[in-house]
Amino acid sequence: MSDPGVTVTGMDEMLSPRAFQEADASGQWRVLGDGACAHFRTGSMREAAEFAAAVADLPGVKPHRPDLDLRSEGVTVRLVAVEPGLWGLTAAEVALAQDVSAVAAGLGLESDPSRLQSVQVAVDALSHPEVIRFWKAVLGYEERGEEDLADPMSRNAAFWFQEMDEPRPQRNRLHVDVFLPHDRVEARLAAALAAGGTLVRDRSPHWWVVADPEGNEACVSTLGTRGSGD
């Protein structure tokens, strides 16, 4: 019987967020959006650069994998499989995550999952092709499948275009998705509500909708990918 946390694509086995977390088991990585992330604290830019150089020498490193964000106080590592017809997490990302964690341990670097989050802008659209074509041009982004645009430099928030069956003038047509580690959601929601927000929808344990005092909405989610369940 196949693992319910794995989707077979014919090219590789795509792992669900739960399957990735269970396979990694280090406690250092969190699945955010379509990738897995870890943040390792450093004391200087030199330490950050030394760690990044060691990661770059790992055998599992390929173009577009991993993404590294270097700051003097730490390095954020993001892993995602980017192959023709493949976008997400596989066993290769699990192996590379374990190797990256080993490099960090060898350099005496500790992980800090509280520094992790991923932001996405969601746009309601009645006609995907026309709307996506506009945003692709104005942002200078790349298409990822039929519903997504992504920054080719992986620096800024991705855009997801949510198909509508009919106009919904009573709702905002654009909102922000915030992906957080499962152990950071409660505090973030509490902060949003304390700041004057309203809980619009509660679909625990994976998804919540909150609104600001004027009704502008944001989705807070622990899901690795839209519709992936756990």
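**Close-up views of a predicted model**

**View 1. Leu32, a buried strand residue.** Leu32 is buried, because its relative accessible area of 2% falls under the 20% cut-off. The model is predicted. Leu32 belongs to strand E3, which covers residues 30-32. Phe179 sits 147 residues away from Leu32 along the chain. In space, the C-alpha atoms of Leu32 and Phe179 are 5.6 Å apart.

**View 2. Helix H3, end to end.** H3 spans residues 91-106, 16 residues in total. From first C-alpha to last, H3 reaches 23 Å. That is close to the 22 Å expected at 1.5 Å a residue.

**View 3. The buried residues of H3.** Which residues of H3 are buried? They are Glu93, Val94, Leu96, Ala97, Val100, Ser101, Val103 and Ala104. Glu93 and Ser101 are on this list, and so are Val94, Val100 and Val103.

**View 4. The two ends of H3.** Thr90 caps the N-terminal end. A side-chain oxygen of Thr90 lies 3.2 Å from the backbone nitrogen of Ala92. After H3 comes Gly108. The phi of Gly108 is positive, near 75 degrees.

**View 5. The whole protein, for context.** The secondary structure comprises five helices and 16 strands. The protein has 230 residues, and 39% of them are buried. Take the contacts between residues at least 6 apart in sequence: 61% join residues at least 24 apart. The exposed area is about 12,600 Å². Carbon and sulfur atoms supply 51% of that area.

Definitions and conventions:
Residues numbered from 1 in each chain as written. Predicted model: local features only at pLDDT ≥ 70, side-chain atom pairs only at ≥ 80, totals over all residues. Heavy atoms only, no water. Helix = DSSP H or I, 4+ residues; strand = E, 2+ residues; numbered from the N terminus. Expected span 1.5 Å × (residues − 1). Buried < 20%, exposed > 50% of the residue type's maximum accessible area, 1.4 Å probe, protein only. Polar contact = N/O pair within 3.5 Å; in protein donor to acceptor, adjacent residues only side chain to side chain. Contact = heavy atoms within 4.5 Å. Areas by Shrake-Rupley, 256 points an atom, 1.4 Å probe, with all protein chains shown as cover.
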